[in-house]
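Please look at the sequence and the three-dimensional structure shown here, and follow the paragraphs below with both in view.

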Amino acid sequence: MAASFTLLQFGADAFNARFQDLEGRAAFTVSPASHNPNLIVKLSREAAWSQHHPGTMGPDAAYFYFGPSVPSYSSVYGAGTPTPSPGYIMYGNNRNSIPMGYMRRQNREGSQSRYFTAQSGREYKWKITPQRMELTDGRSIFAVWELSAPTDDYDARLTIRQAGLAIVTEIMTTLTINRMSESLGW
């Protein structure tokens, strides 16, 4: 069986969480970068973790630039509470922006699965359930995110297969946008 890497998620908030490996090394951090005038959230891949995994490729950061806040009636923050509208994502210092909606496309009406196209041009699918998300390319599983048990000291567990290291920041970006979308009721 191919090697896999486990990251523990600390923090249930999709906008502010940290991921570390089983040895306690910081791997990724999701945190607000700005609120003025609109919300910007940064996803950072930590250098120490990347250097420990030589197959890690791709950008070391992603930025989520949200649109203006609007009243939402399906947000976890409460009916009518202003919540950020979808905006766009940028990787690292790349000048190309990708609409958030494009990073979580729905291919069939009523389906819970969400699709994205990686920078390589390859399409991937997140199979989403309330407790679990699984990333596939139709043949292979690249990553699995699962909520933890109430007795665990972390909030979720992400298992990334060896082949996923080449797109690990894209995996984390799309996982994060799917979690953000769920919490905002998009």
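How many residues lie between S1 and S2 in the hairpin that they form, and which residue in the turn has a positive phi? In this model, which is predicted, the hairpin of S1 and S2 has 6 residues between the two strands, and glycine 11 in the turn has a positive phi of about 110°. The two strands, S1 and S2 (residues 17-21), are joined by 4 bridges and pair in the antiparallel sense, and one place to find this pairing is glutamine 9, whose bridge partner in S2 is phenylalanine 19.

Strand S1 also pairs with S14 (residues 156-161), to which it runs antiparallel and is joined by 6 bridges; here serine 4 has arginine 161 of S14 as its bridge partner. Because 6 of the 7 residues of S1 (residues 4-10) are buried, this strand is largely enclosed by the rest of the structure.

We can now turn to the nonpolar core. The largest one has 43 residues, and those with the most contacts inside it are Phe28, Phe64, Phe66, Trp126 and Met180. Helix H2 (residues 168-184) supplies the largest share of this core, namely 7 residues. Leaving aside residues up to four places away in sequence, phenylalanine 28 touches a set of residues including Leu7, Phe19, Leu43, Trp49, Val168 and Met172.

Finally, there is a feature taken from a record: UniProt, in an unreviewed entry, places "domain: DUF6593" at residues 102-176. In the model, the end C-alpha atoms of residues 102-176 lie 14 Å apart, and the span is 12% helix and 37% strand.

Technical notes: Residues numbered from 1 in each chain as written. Predicted model: local features only at pLDDT ≥ 70, side-chain atom pairs only at ≥ 80, totals over all residues. Heavy atoms only, no water. Buried < 20%, exposed > 50% of the residue type's maximum accessible area, 1.4 Å probe, protein only. Pairing = 2+ DSSP bridges. UniProt positions renumbered as here; feature names shortened; annotations may be inferred. Core = buried A, V, L, I, M, F, W, Y, C linked by side-chain atoms within 4.5 Å. Contact = heavy atoms within 4.5 Å.
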